[in-house]
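Here is an informal walk through one structure, going from single residues to the whole chain. Have the viewer open and follow along.

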Amino acid sequence: MTPEDVLARLATPLSLGKRVGYVAVALAGLTGSALIGVLWATEPGLPPRTKVAFAILMAIGAAWAAFGGWAVTRRAPLFARDRVVAGWLGLGAWLVFTVGALVITTLRHKLEPSLLAVVVLLGVLAAAHLRAARRTRAALLNRKNELAAAENGH
């Protein structure tokens, strides 16, 4: 392949499969937020900590819905920017979950080892995903720049 061919392939927007996946992410976030909202609306006597948890879960679902909509509507190549944004969303959701879980367990005066293991595992997975996404994006942008330089050099 010539540098022009590779640049043309890099410059294409998301494939159909990725678009369908991002629509599914958007619908899942929207559905989760809506179901939690309906549950919240039909249960007026919920304790304050449950209301806070519901609000946070609705915000996380809305963030994933917005991300899916953003990714699907991009017409320009993303060069793995979508993966980096998803990585940051995942890490942010993990952080909110971790803080909430630690506050609840601290108030109850017992930290379950299984909860701690789940929190650590999720954190490691979120950080690893973000790191891989950032490396992929950097590699794609470096390759794009190399090809552009080679094309201009001819």
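## Starting at Ala86

Ala86 is buried, since its relative accessible area is 16% and anything under 20% falls in that class. This is a predicted model, so keep that in mind while clicking around. You'll find Ala86 in helix H4, which runs over residues 81-108.

What does Ala86 touch, leaving aside residues up to four places away in sequence? The list is Trp64, Phe67 and His129. Another handy reference point is Gly68: Ala86 and Gly68 sit 18 residues apart in sequence, and their C-alpha atoms are 9.2 Å apart in space.

## The rings around Trp64 and Phe67

Two of those contacts of Ala86, Trp64 and Phe67, also turn up as an aromatic pair. A search through the whole structure gives 4 aromatic pairs. Take Trp40 and Phe54 to begin with: the ring centres are 6.3 Å apart and the planes make an angle of 70°, so this pair is edge-to-face. Trp40 belongs to helix H2 (residues 16-42) and Phe54 to helix H3 (residues 48-73), so the pair links distant parts of the chain, with the two positions 14 residues apart in the numbering. Trp40 is partly exposed at 27% relative accessible area, whereas Phe54 is buried at 14%.

Now back to Trp64 and Phe67. Their rings are edge-to-face as well, at 5.8 Å centre to centre with 85° between the planes. Both residues lie in helix H3, 3 residues apart, which is about one turn of the helix. Is Trp64 buried or partly exposed? Trp64 is partly exposed, with a relative accessible area of 23%, while Phe67 is buried at 4%. Ring pairs also join Trp64 and Phe67 with Tyr22 and Trp70 into a cluster.

## A loop residue to check

Between H3 and H4 there is a loop, and Phe79 sits in that loop. Is Phe79 buried or exposed? With 13% relative accessibility, Phe79 counts as buried.

For a sense of distance, try Phe79 against Leu102. The two are 23 residues apart in sequence, and their C-alpha atoms are 36 Å apart in space.

## Helix H5: a patch and a salt bridge

On the surface, Phe97, Val118, Leu121, Leu122 and Leu125 make a nonpolar patch of about 440 Å². Helix H5 (residues 113-153) gives the largest share of the patch, with 4 residues. One residue to look at is Val118, placed in helix H5 and partly exposed at a relative accessible area of 40%.

Further along H5 comes a charged pair. How many salt bridges are there in the count? The count is 1 salt bridge. Glu146 and Arg143 form a salt bridge through their side chains, with 3.5 Å from N to O. The two are 3 residues apart in helix H5, so about one helical turn separates them. Glu146 is partly exposed at 48% relative accessibility, and Arg143 is partly exposed too, at 40%.

## Zooming out

What does the whole chain look like in terms of helices and strands? The protein has 5 helices and 0 strands, and along the sequence the pattern reads α-α-α-α-α. The C-alpha atoms fill a box of roughly 70 × 35 × 20 Å along the principal axes. The radius of gyration is 20 Å, whereas a compact globule of 154 residues would come in near 15 Å.

Of the 154 residues, 23% are buried. The exposed area is about 10,000 Å², and carbon and sulfur atoms supply 70% of that area. As for contacts, take those with a separation of 6 or more: 73% of them are between residues 24 or more positions apart.

Notes:
Residues are numbered from 1 along each chain as its sequence is written. This is a predicted model: local features need pLDDT of at least 70, side-chain atom pairs count only at pLDDT 80 or more; totals for chains, interfaces and linings use all residues. Side-chain values use heavy atoms; hydrogens and water are left out. Rings of Phe, Tyr and Trp (its six-membered ring) pair if their centres lie within 6.5 Å; planes under 30 degrees apart count as stacked, over 60 as edge-to-face and the rest as tilted. Buried means under 20% relative accessible area, exposed over 50%, partly exposed in between (1.4 Å probe, protein chains only). Patches are made of residues with over 30% relative accessible area and no salt bridge: like charges are joined within 9 Å, nonpolar side chains (Val, Leu, Ile, Met, Phe, Trp, Tyr) within 5 Å. Accessible areas come from the Shrake-Rupley method with a 1.4 Å probe; for residues, only the protein chains shown count as cover. A salt bridge is a side-chain nitrogen of Lys or Arg within 4 Å of a carboxyl oxygen of Asp or Glu. The radius of gyration is taken over C-alpha atoms; the globule rule is 2.2 Å times the number of residues to the power 0.38. Contact means heavy atoms within 4.5 Å.
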